[in-house]
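Here are some notes to read with the structure open beside you. Please take the points in order and look for each place as it is named.

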Amino acid sequence: MGLQSVISTFAPMLAGLQNVTFEFGARTIVRNATWHIQPNERIGLIGYNGTGKSTLLKLFAGDYTPSEGTVERSRSTTIGYLHQDLLSFDTNGSILEVAMTAFERVLQLEKEIEELGKRLEQNTEDEALLHQYSDALHEMDTLDGYSIHHKTEEILQGLGFANTDLQRPFREFSGGWRMRVLLAKMILQRPDLLLLDEPTNHMDLPSIEWLEKYLQHYQGSVVIVSHDKYFLDRMVTKIVELYQKELHVYNGNYSYYETEKAMRVELQQRAFENQQDYIRQQERFIERFRAKATKAAAAQSAMKRLEKVERIENVEIERPNIKINFRVDKTPGRVLATLKHATKRFGNLTIIEDASAEIDRGDKIALIGANGKGKSTLLRIIGGTEPFQGERVWGHNVDESFYAQHQLEALDVNNTLLEEMQLCGSQKTDLELRVLLGCFLFSGDDVEKKIKVLSGGEKARVALAKTIVSKANFLLLDEPTNHLDLHSCELLIDALNKYEGSFLLVSHDRYFISRTANKIWEIDEDRRIREFKGGYEEYVQWKERMATRAAEQVAPPPAPVQAPPPAKTPPPAPINKEQKKELQKQQRIFQQLEERIATLTGQKVRLEASLADPATYSDKTRFVQAEADYKKASDELNKALREYEQAFEKIMDLEKNQ
């Protein structure tokens, strides 16, 4: 036994499956599976939709009991399980209160300390009460209980909630936002093993990026089920694949898995074919000689040998390697759509203001940004289904097709899946429609199901299939990958890359965006549409360069910030007085913002030191004030940094236009 084997044998285990078989009726999910989860592991659990990934997580969580074998858990192991069924949870409490229930003992101590304080006011000489009060304060300090409000707010804000949301009732929020609150609670509980079932499904890009950074420093082990390749690549160091009712382990991220899986499949296929050749040879020998007396014994021996052969499984094609093909009926003009001076408001909330944009033939645009920025609203404005102030000009010969959640309402619930697809006028045969539905996870007799019996996710996949089967030359797609598995996402990516038309899509799946888009749109702080001409990877690099430049310009506190060198702030070379005047104005703003950022950074550092001082927590008024000041300084600093970036961009734009 090698050294590595000896180490792994004695390594502590948080949880595991030992020779587990689990069945739903006549259907076997997993057979004789063994899997041990060690401390500090980052594992991606993958497999086609319907193979049983969520079922495995429920086995670990104790929701299911295996048919055979054992689920092992250390007595001290704590497990947090985030799954879609949690959406049924409801309460009258605010989202801050829901998330803070993670600190059960601290909340109990707060009540005890308050009660003991009241009793001491009435009897200051009671020594026993003083000891109880002192012990409670000590335990509160040991548990870092005075910072739970700050920690909870920080986690919720990282997951996309605004300060004004924190006191709103939990039940006011949609399912996706509720999941974020429950994820925040789970993160604050810090379980030894965190089981996350599609955690990014209802998150925007900033929240996903925040979660990535958090999980990279998480002290426990994490098992993630996700269809987001980008997320898996950045998060996991091991892949466990549920394939052919068995668990297959790959020691690497998702990209490593893809390469290694292809090699394993090829080796398995060769081994299967070689064994099949051997079996056929033996069967021919047995058939030829078992009736001959002189060879009967040899034939019997061959038959016994054949019976003892451990059969190699054929490479099962669980999902056929088929392609989705778009067809375009007619070629549009050079410009598909133009948006002029568009403004959209919902009450006091402004989504876009005086925004203009143009979509040209061949554009494949991803509209990205945080939730609440109005991405789906803008998609509907361009699609012509959302009223707004301004003008939308449709191009020549444009034939659009729109996919979004609200398209589900257009499905005829009394039709079967196949009948619904036949109504699209695509002139595809039933066989072709069946194959297309197979790409969207409907196989065999599924196509004969009525629309009315489908889940929300299944209806969404039907609506997406209808969009694709249309012969439109312009597609508007709102979160098209939300209910697809990894394989179906790849099929859709391949189809969109071959698509001869144009599209505008909203998605939080960075891998999907990076593989499909040639332009990136954002709704900026001025409520305008900012366009980046290039793919997602180039866009990310550009953003990083901008952030680096901004950081380089800010001197560390408390030293005063010097005026930026000429290389950082381009000298004006204006053509006319107006441009010169505007450039000088932006440079003044730029320098003022540098000074403000330095001041705010210094304030934040001093307040952080104050919050780290135990003396701050001995005085509740002082603590509350310090926490409020810290939050205010952080918000003002973030705002100043955004304005700083905008000023820098305006200077660069003025430079280019001269």
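**Notes on a loop glycine and an open sheet**

1. Gly535 has its place in the loop between β18 (529-533) and α18 (536-553). Please keep in mind, here and in the points below, that this is a predicted model.

2. Is Gly535 buried or exposed? Gly535 counts as buried because its relative accessibility is 15%, and the cut-off for buried is under 20% relative accessible area.

3. Which residues does Gly535 touch, if those up to four places away in sequence are not counted? The contacts of Gly535 are with Ala517, Asn518 and Ile520. Thr516 also deserves a look, since its C-alpha lies 8.2 Å from the C-alpha of Gly535, while the two residues are 19 residues apart in sequence.

4. Turning to the sheet, you will find six strands that form an open sheet with mixed pairing, in the order β5-β6-β7-β3-β8-β9. Its edge strands, each of which pairs on one side only, are β5 (79-82) and β9 (246-250). On average, and with direction ignored, neighbouring strands of this sheet are turned by 15° against each other.

5. How many bridges join β8 and β9? Strand β8, which covers residues 238-243, pairs with β9 over five bridges, and the sense of this pairing is antiparallel. Within this part of the sheet, Tyr243 stands opposite Glu246 in β9.

6. Finally, helix α7 (residues 175-189) packs on the sheet, where it touches β5 and β6 (193-197). The direction of helix α7 makes about 170° with that of β5.

Definitions and conventions: Residues are numbered from 1 along each chain as its sequence is written. This is a predicted model: local features need pLDDT of at least 70, side-chain atom pairs count only at pLDDT 80 or more; totals for chains, interfaces and linings use all residues. Side-chain values use heavy atoms; hydrogens and water are left out. Two strands pair if DSSP finds at least two bridges between them. Helices (H or I, at least four residues) and strands (E, at least two) are DSSP runs, numbered from the N terminus. Axes are lines fitted to C-alpha atoms, for helices over the stretch in contact, and angles run from 0 to 180 degrees between N-to-C directions. Contact means heavy atoms within 4.5 Å. Buried means under 20% relative accessible area, exposed over 50%, partly exposed in between (1.4 Å probe, protein chains only).
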